[in-house]
Structure formats: C-alpha cells, structure tokens
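Here is a colleague's note to read alongside the structure shown below. Please go through the points in order and find each named part as you reach it.

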Amino acid sequence: MSKPSRRPNNPRFSSGPCAKRPGWTLSALEGAFLGRSHRSGAGKARLAEVIERSKAVLGMPADWRLAIVPASDTGAVELALWSVLGARGADMLAWESFGKTWVSDATKALKLKDVRAIEAPYGRLPDLSRVDWARDVVFTWNGTTSGVRVPNGDWIARDRGGLAICDATSAAYAMHLPWDRLDVATWSWQKVLGGEAAHGMLALGPRAVERLESHTPPWPLPKLFRLTKDGKLDEGIFRGETINTPSMLCVEDALDGLKWAQGIGGLPALVARAEANLAAIAKWVGASDWAAFLAEDPQTRSCTSICLKPKDAWFAALAPAVQAETMKDMVALLAREGAALDVGAYRAAPPGLRLWGGATVELDDMDAVLPWLDWAYGEVRAGRAKTA
Ligand SMILES: Cc1ncc(COP(=O)(O)O)c(C=O)c1O
C-alpha cells in the first residue's frame with residue numbers, strides 16, 4: 001500500500017492529556033486570574049464558575065454537590081474511597097488497569113477485610129449481575145486501558161443499600177451518566193474537554209453526603225482528603241473554597257473547555273462527536289483484514305479510549321515480546337510521519353493501538369488517520385518500520 005497523502009490536521013489522539021478543543025491556542029488563557037489569591041472574591045467566583053458550568057453541562061441534579069479537588073482523577077477517587085469505604089462490605093469491579101488499582105487501594109492500602117473483587121480480563125466486562133447492592137460498589141464507567149465501558153446504568157439498583165462509587169474520568173462529557181443510579185462520581189480536567197491536568201472533580205449525591213456525615217473511617221485522613229468539619233460536610237468546598245491552592249491557569253483552561261462545550265450544544269453534542277468517531281473506526285474495523293476491537297461485545301465499546309488489536313494470522317504467530325515490539329514500531333512510525341501521536345496501547349494492556357475519540361477530536365481527523373493505520377501496519381508486517 002502506498003503512503004496516504006492526507007494527514008490529520010491534528011494528529012493528537014492521546015488518551016490523556018487529550019487533544020485541546022478545536023481552535024484552541026494559548027490566547028484562550030489570556031484572561032487567567034494569575035498572581036492573585038484564589039480565596040479572593042473574584043478567585044472564588046472563577047472556581048465556582050467551573051463548578052456551575054460543569055453541573056450544567058452534565059445535567060447534574062440540584063441536590064448533588066461538586067468540588068474541585070487536588071491530584072486529578074486519582075486524587076478524586078482516592079479522596080472518595082478513603083472517606084466513605086469501611087462502613088459496609090465493598091464489591092469492587094475491575095476489568096483493566098485503573099479498576100485494578102482501586103481494588104488494590106481497598107485491600108492493600110486501606111486493608112478492608114470485606115472486599116469482593118469482581119474481575120474480567122482485558123476486552124471483557126465482569127458479570128455485572130454478581131454485584132450485591134447491599135454493599136458499596138466501586139467501578140470505572142469506561143476502562144480507559146481496555147476500551148471497555150459499561151453499556152448503561154440499568155444494572156445499578158435504584159433501591160441500593162450501599163453506595164455506587166464511579167470513576168467516570170473517560171466517560172464524563174462523552175457518555176450519559178445516570179445520576180439517579182450513582183452516589184459518587186469523579187473525573188479530571190485533562191480528558192474529554194481537553195483541559196490541563198492538575199485537578200479532579202468530585203461529585204457527591206445526597207446518600208454519599210449522608211455517609212460522610214455518619215461514618216468516621218478507622219484510618220487517618222490527610223488534610224487533602226478532609227471533606228467534613230466537626231462531623232458535618234464542609235459546604236464551602238463545594239462552592240469553590242478548595243481544600244488547598246489550585247492552579248488558576250488550569251482553572252481558566254477548564255473554563256475555556258466548558259464554554260466551548262456549551263457553545264457547541266452541550267452534552268448531546270459532545271456525546272454525538274465521540275460516538276461519530278467510534279462509528280468511523282467501527283466502519284473501518286468492519287472492513288479490515290487485520291484490525292479488531294479489543295472490546296469483544298459491541299455494546300461495551302468505548303467511544304473515547306478506542307482500543308484495537310491485530311487479529312491476523314501473521315501477528316498471532318509472533319511471540320508475545322515480538323508482538324509488543326511490533327506495535328511499538330508501528331506507533332513510532334505513525335509519530336515520525338506526523339500522522340498519529342500517542343496511539344500505543346497502555347503499557348499493561350495487550351499489544352495494540354488506542355485512539356482517543358472524545359469530543360475534542362474532529363471526525364475529519366479520525367477519518368484521515370485510518371488509512372495511515374493500514375499503511376503503517378503494512379510497513380511493520382513487511383519489516384520496513386525499524387529505524388535502526
Ligand atoms: C479510568 C481512569 N481512572 C483514573 C485515571 C487516572 O487519572 P489521573 O491521571 O487524571 O489522575 C485515569 C487516567 O487515564 C483513567 O483513565
């Protein structure tokens with residue numbers, strides 16, 4: 001196959017930090033509130049604006065609270081786990097790297113005795129019917145490293161006794177989150193809206209607040225995780241009075257992403273953009289003689305972290321280490337050509353490719369990159385991709 005002539009205008013397909021919104025330049029940050037206190041009236045107003053615009057775009061119910069917290073999505077998830085777990089047993093779902101991290105946090109770091117890990121290998125979802133909703137349930141909406149997502153929230157009991165705690169970082173702004181089936185949700189700024197990494201968002205439903213006010217964890221909570229004062233929720237945190245100092249440059253960028261999202265039509269438009277990117281890849285996979293989705297069930301295929309694996313006999317016959325090397329060569333070739341950046345599978349995932357399809361990625365760029373994948377795979381198969 002000859003080299004495609006058209007490159008994507010924007011070859012950025014990283015799964016985090018993700019591509020900036022179309023048209024973004026540094027001038028988007030010119031009005032940033034810099035060199036001033038985030039606790040001044042105007043500083044707090046910017047932080048509150050992030051919270052209010054986020055709630056509006058995501059359609060969050062009025063009785064939910066939303067906070068900006070330190071340390072990106074990891075910070076938000078760990079803040080939640082450290083604060084609410086331990087009051088009852090926990091079912092922890094894991095089907096890729098991040099879910100497994102949360103299992104290990106609960107069992108090895110918090111040393112919870114009553115934890116059931118409900119797991120599945122890369123490419124599949126665990127059996128969701130095994131979940132016991134009398135227990136707390138921790139799960140990832142979209143497994144970023146396998147490209148497997150839960151298809152919807154129907155499996156989450158409305159009358160649950162435990163809390164539904166959801167790491168939603170690669171799902172928020174690209175998938176519809178059913179707020180009535182969740183109690184805690186987290187995400188970061190660096191994903192679907194293409195913001196700067198730094199801060200996490202922690203969303204709490206009324207039942208999670210009830211838990212925070214009635215349960216004192218047996219382990220010490222670092223200041224960074226403290227959401228209550230004298231047994232009551234510290235409401236200021238949910239109005240932009242952050243626990244510690246945030247980056248106002250990142251805040252400005254988060255606002256830029258949110259305003260863009262609102263300008264193009266809000267959540268329905270964001271979801272439609274991601275789904276269109278997935279549909280373009282699905283059409284191409286359907287006609288491909290070498291590429292397949294890592295996610296086996298079409299219902300579970302992510303529209304953000306779209307993971308692919310070679311399926312042809314030539315690749316299957318390679319030793320595992322050679323398979324990994326081959327995909328590394330392919331990813332390096334695509335980067336050298338300026339056709340696609342950061343499209344390697346996650347280091348702990350099976351060898352393959354991962355292309356981000358979230359809202360900031362243009363469909364035209366997704367269409368343009370697909371012939372490059374065919375070309376680059378042909379090059380590695382023919383042994384022409386090695387640089388040295
Ligand atoms: C599902 C999931 N959870 C957690 C994280 C960690 O996020 P962060 O690096 O923003 O803390 C990621 C990052 O890709 C993720 O995809």
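**Notes on the predicted model**

1. Helix α3, made of residues 97-109, lies across β2, β3, β4 and β7 (164-167), and the helix runs at about 150 degrees to β2. Please keep in mind throughout that this is a predicted model.

2. The strands just named belong to an open sheet of 7 strands, whose order is β1-β9-β8-β7-β4-β2-β3 and whose pairing is mixed. Which strands stand at the edges? They are β1 (65-70) and β3 (115-119), each of which has a single partner strand, so one side of each is left without a neighbour in the sheet. From one strand to the next, the twist averages 20 degrees.

3. As a reminder, the strands of a sheet pair through backbone hydrogen bonds, and they do so either parallel or antiparallel. Within this sheet, strand β2 (residues 90-94) and strand β4 (residues 136-140) pair in the parallel sense over 3 bridges, and alanine 90 has aspartate 136 in β4 as its bridge partner.

4. A further helix to look at is α4 (residues 206-214), which lies across β1, β4, β8 (184-188) and β9 (199-204) and runs at about 95 degrees to β9.

5. In the loop between β7 and β8 you will find aspartate 183. Is this aspartate 183 buried or exposed? With a relative accessible area of 2%, aspartate 183 is buried, and its side chain makes a polar contact of 2.8 Å with the side chain of arginine 160. Leaving aside residues up to four places away in sequence, the residues that aspartate 183 touches include Trp64, Gly162, Leu204 and Arg207.

6. Helix α2 (residues 72-84) has 13 residues and reaches 19 Å from its first C-alpha to its last, which is close to the 18 Å expected at 1.5 Å a residue. Because 12 of the 13 residues of α2 are buried, the helix is largely enclosed by the rest of the structure; among these buried residues are Asp73, Glu78, Leu79 and Trp82. After α2 comes glycine 86, whose phi is positive, near 105 degrees.

7. Strand β13 (residues 305-310) is mostly covered, since 5 of its 6 residues are buried. It pairs in the antiparallel sense with strand β12 (residues 291-293) over 3 bridges, where alanine 291 stands opposite proline 310 of β13. Strand β13 is also joined by 4 bridges to strand β14 (residues 353-356), again running antiparallel, and here isoleucine 306 stands opposite leucine 355 in β14.

8. A last point concerns the cysteines, and a reminder helps: a disulfide is a covalent bond between the sulfur atoms of two cysteines. How many disulfides are there, if two cysteine sulfur atoms must lie within 2.5 Å to count? The count comes to 0 disulfides. Cysteine 250 is in no disulfide, and the nearest cysteine sulfur, which belongs to cysteine 18, is 15 Å away; cysteine 250 is itself buried, with a relative accessible area of 11%. Why does cysteine 307 lack a bond to the closest cysteine sulfur? That closest sulfur, in cysteine 303, is 12 Å from the sulfur of cysteine 307, which is too far for a bond. Cysteine 307 also counts as buried, at 6% relative accessibility.

Note on methods. Residues numbered from 1 in each chain as written. Predicted model: local features only at pLDDT ≥ 70, side-chain atom pairs only at ≥ 80, totals over all residues. Heavy atoms only, no water. Buried < 20%, exposed > 50% of the residue type's maximum accessible area, 1.4 Å probe, protein only. Helix = DSSP H or I, 4+ residues; strand = E, 2+ residues; numbered from the N terminus. Pairing = 2+ DSSP bridges. Disulfide = S-S within 2.5 Å. Expected span 1.5 Å × (residues − 1). Axes fitted to C-alpha atoms, helices over the stretch in contact; angles between N-to-C directions. Contact = heavy atoms within 4.5 Å. Polar contact = N/O pair within 3.5 Å; in protein donor to acceptor, adjacent residues only side chain to side chain.
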